[in-house]
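This briefing covers selected structural features of one protein model. Please read it alongside the sequence and coordinates.

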Amino acid sequence: MTNPLLETFELPHFSAIKASDIEPAIDEILACNKEKIAALLKGQSSYSWESLVHPMELMDDYLSRVWSPIGHLNSVMNNDEWREAYSNCLPKLSEYSTEIGQNKDLYLAYLSIKKGNEYANLDTAQKKIIDNSLRDFELSGVALAEDKKQRYMEISQQLSTLTNQFEENIMDATNAWSELVVDESELAGLPASTMGLLEQTAEQKGNEGWLLTLEFPCYMALMTYADNRDLRYKIHRAFVTRASEEGENSDWDNTKTMAEIVGLRDEKAKLLGFASYADLSLATKMAEEPADVLTFLKQLAERSLSMAKQDFATLTEFAVEQGHVGELESWDVAYFSEKLREARYQFSQEQVKPYFPANRVLAGMFSVVEKLYGIKISEETSVDKWHKDVQFFVITDADGSQRGRFYIDLYARPHKRGGAWMDECVTRFKKAEGLQSPVAYLTCNFTPPIGENPSLLTHGEVETLFHEFGHGLHHMLTKVDYLSVSGIHGVEWDAVELPSQFMENWCWQPEVMALISGHYQTGESLPDEMFEKMLAAKNFQSAMQMVRQIEFSIFDFRIHLEYDAAKSTQIYDILEEVRSEVSVVKTPEFNRFPNSFSHIFAGGYAAGYYSYKWAEVLSSDAFSLFEEKGVFDEETGRLFLKNILEKGGSDDALALFTAFRGREPNIDALLKHAGIAA
Ligand SMILES: [Zn+2]
């Protein structure tokens, strides 16, 4: 039997890969790469780009191309067998990357290029790669004594296993909860589209009635529309206690895992000579010092907090007018907010949904970037996919040459990780046999088509789609030929959200509405009058949202900055303190939000969640140039393409931004766009 992961492939053969193929493939690649590295170091007395860096990139590329579909399917088609094979590989991969990072001979070989004559003749991207590599060797503990190196390796492996465990617990807790409702009156207030979704979900499980789950489209609709307060309470409680001791099954409790993760990160940082994990995190980011991050967040909080308090007071007053008795609890906030929005702007999310069928939005979004960047996007149906809902598209340049390709997997379903994200399948890289063009995965969890009706998106979901596509373009439109700084590789983490948040701005332009909207029955564009209302409601509660993001950011940063092993409840203590400073909505006792905060405990955002706001300064400021010149101004579009999207991580984010904007970034555009007075 051949292993489809080890055959040469241009695109992964998703339907042919079996769980039993995973470990043998990874074992073979790791062994083969290790041998090649040893041979590289043995065979030469002096090193050059061609004799060292390029072969190292080839090995990296091979491993990530094979690992990519494995990790991707683990997220979107999860099952026990796959999960086991995937988790078994994690310690091996972690060991491999630590071994490389701590390989002193390899480090010295890179250092000899940096100090040699060739360096001056390398281009900016190549120099950046050498510099980044040397930095990463140091951050991997290349300079540590043997016993400390060993400890570093153990920590890395444990972290990789624990963060995976964290994510699995959330998935299990999410999948385990459901409730069948047979009395329709219990679901009063829910729009027809949600009722249809719940009915379809019940049907798929062989039930009659309406099945409530913790998948996001269901959870959010119930919180926003269910008149039944007890029901809102019930689903809210189930959602915010997932993977905690307050949840229904304590097997999936993440509390201990979180403490271990933060503790191990702290130990790792200290091994490397940093004062804290927050300091280590900043070593690869645009922000320089922890104080810079906290000052930035506090400055934003100061300018938003009084308006956020006002937003909440208004909401409370409104709820009382509507007959609400007692305090406004967190399971009431979305519900009354939607009612207030409807009353104030005569506009509801539900009204606009029929104008945003998923396929129309996709086509319109493609036209937007075709205009901005002079590219073409077309669908290709003949490729192999992992699920029938997945679509595949090709991006071509004006001259017809292929620039990149991507899979889109739009809808929520069981055994698919929640949220929305972009991931790399293949990265742009120039090899001897030719240019390898990039391939991306775009994953969302939107409401699926219900019966005969297409999937209809809320405007918030449209924004999410634009956001992820922004990441996708950063990955796919790159012109960098070297793997390590191509696309989003090598981009400072706090600048990574620039292209994605930047794209969101286009969802709010009247010119764009004509392209992305079209009623699913009549084809009519979103009426101007409705768009005006939507625009008027755009910054509804924006200060409340701002302080919530600031709360998450400060919480994340402080638990990684102030870690103290002696304080056993520190994670929740810090959260409490941060909430008392910047939160305006009271949180119930049972809330265990951190236990499902994957971004920081399982994803790459540890001591880096602030990156969203940091990059929003950049994205808002970048967009303000389009406001000055026109949203479809060709010259500005091409300027953004050339200075940001094409450059990937080949230069410092600040330098790239400044080249585009003609000056350094400032905070004003962000506050202006959020409707928060400066
Ligand atoms: Zn993003």
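Which helices are among what covers the buried residues of H19? The cover includes helix H14 (349–352), helix H16 (459–476) and helix H18 (510–516). The model is a predicted one, and the points below take up H19, a five-stranded sheet, the pair formed by E1 and E2, and a cavity.

**Helix H19**
- Helix H19 spans residues 528–536, and Met-530, Phe-531 and Met-534 are buried in this helix.
- Viewed down the axis of H19, the buried residues lie within an arc of 100°, so they line one face of the helix.
- An α-helix has 3.6 residues a turn, so residues three or four places apart point the same way.
- Asp-528 and Glu-529 are exposed, on the other side of H19.

**The five-stranded sheet**
- The sheet is open and has mixed pairing, with its five strands in the order E3-E4-E5-E9-E6.
- Strand E3 (376–379) and strand E6 (421–426) are at the edges with a single partner strand each, so one side of each has no neighbour in the sheet.
- On average, neighbouring strands of this sheet are turned by 25° against each other, direction ignored.
- Strand E5 (residues 402–411) and strand E9 (residues 439–446) run parallel and are joined by six bridges.
- Thr-443 in E9 is the residue that Asp-409 stands opposite.
- Packed on this sheet is helix H2 (residues 49–76), which touches E5, E6 and E9. The direction of H2 makes about 145° with that of E6.

**Strands E1 and E2**
- Four bridges pair strand E1 (residues 178–181) with E2 in the antiparallel sense.
- Glu-179 has Leu-212 in E2 as its bridge partner.
- From strand E2 (residues 210–213), Trp-210 and Leu-212 point one way, whereas Leu-211 and Thr-213 point the other way. All four of these residues are buried.
- In a regular strand the side chains alternate between the two faces of the sheet.

**Internal cavity**
- One cavity of 30 Å³ or more is found when the whole structure is searched.
- The volume of the largest cavity is about 90 Å³.
- The largest cavity is lined by 14 residues, of which Val-491, Ile-644, Gly-648, Ala-653 and Leu-656 are the closest to its centre.
- Helix H17 (498–504) and helix H25 (653–661) each contribute at least two residues to the lining of the largest cavity.
- H25 provides the largest share of that lining, with three residues.

Methods: Residues numbered from 1 in each chain as written. Predicted model: local features only at pLDDT ≥ 70, side-chain atom pairs only at ≥ 80, totals over all residues. Heavy atoms only, no water. Buried < 20%, exposed > 50% of the residue type's maximum accessible area, 1.4 Å probe, protein only. Arc of directions from axis to C-beta. Contact = heavy atoms within 4.5 Å. Pairing = 2+ DSSP bridges. Axes fitted to C-alpha atoms, helices over the stretch in contact; angles between N-to-C directions. 1 Å grid on protein atoms, 1.4 Å probe; cavity = no way out; pocket = protein on both sides within 12 Å on 5 of 7 lines; lining within 4 Å. Points joined across faces, edges and corners; volume = space filled by probe spheres on them.
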